[in-house]
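Reader: I should like to learn how to read the features of a structure such as this one. May we take them one at a time?

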Amino acid sequence: MTTAVSHRLAKPPGKLVPVLVVTLALIALWYVGAYFMNATLARDAFARAKKEPTASELLFATYAMDRPLLPAPHQIVTEIWKSTALTPVTSKKSLVYHSWITLSATLAGFLSGALLGLILAAAIVHVPSLDRSLMPWVIASQTIPIVAIAPMIVVVGYNLMNGQMGFSTDTSRFIAKALISTYLSFFPITVGLVKGLRSPDTILVDLMRTYSANRWQTFWKLRMPAALPFLFASMQVAIAISLVGAIVGELPTGASAGIGARLLAGSYYGQTVQIWSALIAASVLAALLVWMVSLGGTAVVKRMGLAR
Amino acid sequence: MTGEGTSGTAKEAPAIKIAGLSLVFNTNDGPVQALSDIDLEVKRGEFVSFIGPSGCGKTTLLRVIADLEQPTGGSITVNGVSPEEARLARAYGYVFQAAALYPWRTIAKNIALPLEIMGLTRAECDKRVADNLALVDLAGFERKYPWQLSGGMQQRASIARALAVEPELLLMDEPFGALDEIVRDHLNEKLLRLWDRTQKTVVFVTHSIPEAVFLSTKIVVMSPRPGRVTDVIECGFPRHRTLDIRETPEFLAIAARVRAGLRAGHSYED
Amino acid sequence: MNHSRGHIQPWIALVGLIALSALPLDAADPTRLLIREGPVGWGLVALMAAAIVAAIRAGRSLAAAILLALAAHGGAAMAIGLLPSLAGHTGSGFWALVLTSWLLVWALVTELSEWPRRPGLPGLVLSLLIPFLFGIWLLILWQIVVVVFQVPFVLIPPPSAIGARIATSLPILAADFRQTFFKSVVAGYAIGCGAGFLVAILVDRVSFLKRGLLPIGNLVSALPIVGIAPIMVMWFGFDWPSKAAVVVVSTFFPMLVNTVTGLSASQPISRDLMRTYAATYWQTLFKLRLPEAMPFVFNALKINSTLALIAAIVAEFFGTPIVGMGFRISTEVGRMNIDMVWAEIAVAALAGSAFYGVVALAERAATFWHPSFRT
């Protein structure tokens with residue numbers, strides 16, 4: 001039976017065409033939605049101008065408003081193009097500049113979080129009292145909205161570093177945001193790594209014992225390789241949440257730079273197109289980061305010959 | 001249908017009639033001839049075994065009979081009608097290699113599953129569940145979950161589930177393949193007595209020669225690439241038999257013939 | 001080597017005991033010793049000595065564990081009691097007291113961790129006791145460090161101040177909790193998860209849609225969706241519906257992706273079985289595929305319980321009426337009322353773990369058959 005079934009495993013149907021079609025359908029839906037959401041605003045504008053719009057005039061007006069309820073996709077694309085390609089990256093109007101501010105804090109936080117998680121996981125696997133006292137808290141911390149402490153870390157950390165330690169404003173903000181990202185990313189990594197370091201079967205651990213390998217050798221030759229797939233899976237979660245942390249960290253300090261600051265400024269001044277383009281930038285960033293981690297994961301797993 | 005003249009009514013039709021049947025799978029590596037030009041007739045009340053090495057198409061043939069695969073050529077009838085009609089009429093019970101019991105249902109609820117799907121009344125369900133559990137010696141285990149039972153008990157429960165449909169025809173795909181020798185012998189004897197008592201038609205897939213010879217009235221020897229029938233052996237043991245017959249010369253002679261058939265099918269391969 | 005590690009703390013504690021008996025508690029007053037603090041001081045020293053002896057002599061015994069627990073927490077209580085009179089000029093004896101108490105509790109946790117894991121109630125109590133001790137000592141050390149070093153209140157308030165703040169602000173905390181949890185989170189969670197589940201069942205019927213939507217759903221699940229909060233505020237106003245909308249969007253995609261995955265999780269053999277029964281689509285769905293998908297659905301419900309709370313709180317950072325946990329956190333941070341912020345965080349943590357716990361209990365009841373729960 002198994003052979004018969006495996007023979008039939010013809011090539012799975014491709015994903016590209018369906019994804020494209022669904023994406024196009026969503027964009028079409030977006031245009032329809034934009035028309036209906038902005039129609040009232042557009043009619044008001046025409047009424048103020050004492051003009052009776054034709055159907056097509058109304059349609060085009062809904063797609064070209066200054067502050068639409070829902071901007072049309074091409075408006076967002078135009079805005080993104082204007083604020084990336086047509087603006088020097090050093091300018092405060094450049095989306096690349098703001099993305100970089102957020103990205104740098106995300107990466108710094110993610111890397112230190114990963115390092116911290118690695119150390120903690122290794123300790124938990126090897127020290128029983130830590131496993132039984134600390135691990136429950138690490139697991140429980142997954143269930144609580146840690147992000148709630150972000151404003152406090154930012155404000156308190158910022159004041160501490162800027163006011164008392166004498167760091168510059170930008171550095172203080174950067175460190176505060178990176179701290180939040182560290183904090184958010186180290187929990188999933190610890191949990192994933194502990195699971196991974198424990199994943200080798202008993203017989204494999206026993207095999208290392210028959211070689212009278214010491215803990216260090218068992219760790220590097222058995223546990224760590226076995227944990228790598230788990231590590232990369234949890235790093236995907238961690239880097240996504242790291243980005244959220246950095247963005248949320250830009251909300252409270254009245255920061256003027258970063259994707260979060262753009263979102264906040266946009267919402268103050270009702271600049272919907274700016275909000276949406278910041279949102280798209282954040283999404284692209286998130287997708288790229290997750291994609292890069294998963295690429296790294298695939299490469300490592302393939303090199304280890306674990307790929308299926 | 002390629003029978004001589006007109007075939008009889010559905011009532012008198014053979015349990016299974018296959019003529020010139022073939023099946024080609026389309027895979028990544030091009031088409032694979034899984035079954036080639038199979039001719040076979042199974043009469044009512046027979047116990048027929050398909051035996052052959054893996055890849056010979058014995059399971060595929062059983063799945064074609066059950067309408068789980070569609071042939072690409074030839075003809076097949078089950079109880080005188082197409083396999084699809086037979087399936088929709090719930091004409092057969094199918095026992096898989098694994099017990100395939102649903103872990104979230106108790107043993108009783110698992111056996112009631114096909115009956116619920118057929119829309120039987122609650123009372124009828126309960127009666128059939130109790131009867132069939134007793135038939136496979138599992139009375140008292142109604143409220144257990146499958147994962148609380150041993151492998152042999154699970155497989156017995158899955159046989160009870162197939163019998164609960166009260167089919168004329170029982171299709172069994174290596175049902176005891178995953179069990180150890182001792183449990184397998186025991187279940188073989190039970191199955192034989194069940195078949196003797198209920199007068200059902202059984203089609204049985206196996207790769208064990210003693211199992212096939214012990215159970216069957218007819219053994220269909222198959223060989224791979226392409227999957228085809230190389231020999232059909234009638235065995236004339238009495239309907240009521242015990243494991244002792246495995247020591248008799250007749251048994252050994254038939255086993256030798258099956259082995260020879262299997263070897264012949266293999267010979268050109270290397 | 002493995003075994004000696006568990007027994008090194010009592011020996012260090014012995015050194016600590018001698019130090020705390022001989023060294024002054026107060027840097028400004030060298031004559032102030034623990035043993036001169038009356039019978040309580042004497043008693044504590046005697047208790048600690050007994051605990052150390054018991055830990056060294058009879059490692060794995062209940063009596064030793066009880067003595068260790070009494071001595072460690074007696075020491076901690078003493079230290080915290082002495083705090084107000086010593087803040088700013090603590091002596092080496094005080095630190096010896098804190099360190100010795102801490103070593104004793106460490107010895108206790110090491111002992112308890114080495115006890116064999118037992119099934120049933122005693123095992124459960126033990127597995128809760130050890131992290132509980134850890135948490136308590138985190139609070140004790142926090143309290144001592146913050147008070148002794150006179151850390152500015154606006155930086156980190158001591159736990160006692162946070163506890164007092166919670167006690168005096170219960171009505172505000174309750175109102176915030178009602179606004180954020182019972183309105184935004186519950187409504188958004190129910191709608192988001194429900195919609196994700198139903199759409200998944202629809203999508204599952206159309207293979208093309210499934211192949212097209214699944215990668216997009218996976219992508220969206222990783223995006224910082226809370227960023228849509230300002231847009232939702234524009235669309236649905238400042239009150240809770242805009243927060244609930246953010247929660248809906250945040251929870252929809254994890255549920256969609258998990259349910260779609262779960263619906264295709266059933267084994268081919270089980271699906272063949274349904275086919276031999278000539279079961280209809282709906283019969284197969286309800287009797288086979290939905291039960292098989294339940295572990296995946298519950299996985300999404302658990303992920304979403306955390307996501308929903310995060311989304312609601314962060315969405316409130318973008319503007320709310322004058323109530324709500326996120327609102328309170330962001331405004332009280334601005335006013336430097338850090339103790340109130342900690343109080344809200346404590347409520348959020350409690351709510352988050354309780355919410356998750358309820359979902360996890362429901363999961364246990366609904367998917368008792370799954371290999372991860374079988375007993």
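Author: Let us begin with domains, in what is a predicted model. In chain A, the domain assignment gives domain 1 as residues 13–70 and domain 2 as residues 95–303.

Reader: How far apart do the C-alpha centres of domain 1 and domain 2 of chain A lie?

Author: The distance between these two C-alpha centres in chain A is 38 Å.

Reader: Which domains does the assignment give for chain B?

Author: A domain may be written as two stretches joined by a plus sign. Domain 1 of chain B is given as 16–91 + 168–267, and domain 2 of chain B as 100–166. The C-alpha centres of these two domains of chain B are 25 Å apart. Nine residues from domain 1 of chain B and nine residues from domain 2 of chain B take part in the contact. On the domain 1 side, helix H6 (residues 181–198) of chain B supplies the largest share, three residues. By character, that side has eight nonpolar residues, no polar ones and one charged residue.

Reader: How many helices and strands does chain B have, and why is chain B described as compact?

Author: Chain B has eight helices and nine strands. Its radius of gyration is 19 Å, close to the 18 Å that the globule rule gives for 270 residues, so chain B is as compact as a globular protein of that length. The C-alpha trace of chain B spans about 55 × 40 × 40 Å along its principal axes. Of the 270 residues of chain B, 42% count as buried. Taking contacts in chain B between residues at least 6 apart in sequence, 70% join residues at least 24 apart.

Reader: What does the UniProt record annotate in chain C?

Author: An unreviewed UniProt entry places the annotation "domain: ABC transmembrane type-1" on residues 194–364 of chain C. That span of chain C is 83% helix and 0% strand, and its end C-alpha atoms lie 20 Å apart.

Reader: How should I read a single helix, and which residues of helix H10 of chain C are buried?

Author: An α-helix has 3.6 residues a turn, so residues three or four places apart point the same way. In helix H10 (residues 229–236) of chain C, the residues C:Ala229, C:Pro230, C:Ile231, C:Met232 and C:Val233 are buried.

Reader: Against which helices do the buried residues of H10(C) pack?

Author: In chain A, they pack against helix H12 (259–269) and helix H13 (272–303); in chain C, they pack against helix H11 (240–263) and helix H13 (281–317). After H10(C) comes C:Gly237, with a positive phi near 85 degrees.

Notes:
Residues are numbered from 1 along each chain as its sequence is written. Chains are lettered from A and ligands numbered from 1 in the order in which they are written. This is a predicted model: local features need pLDDT of at least 70, side-chain atom pairs count only at pLDDT 80 or more; totals for chains, interfaces and linings use all residues. Domain bounds come from an automatic or database domain assignment. UniProt positions are given in the numbering used here, feature names are shortened, and annotations may be inferred rather than shown by experiment. Helices (H or I, at least four residues) and strands (E, at least two) are DSSP runs, numbered from the N terminus. The radius of gyration is taken over C-alpha atoms; the globule rule is 2.2 Å times the number of residues to the power 0.38. A residue is buried if 20 or more other C-beta atoms lie within 10 Å of its own, exposed if 12 or fewer, and partly exposed in between; C-beta atoms are placed from the backbone. Two residues are in contact if their C-beta atoms, placed from the backbone, lie within 7 Å. Ala, Val, Leu, Ile, Met, Phe, Trp, Tyr, Cys and Pro count as nonpolar, Asp, Glu, Lys and Arg as charged, and the others, Gly among them, as polar.
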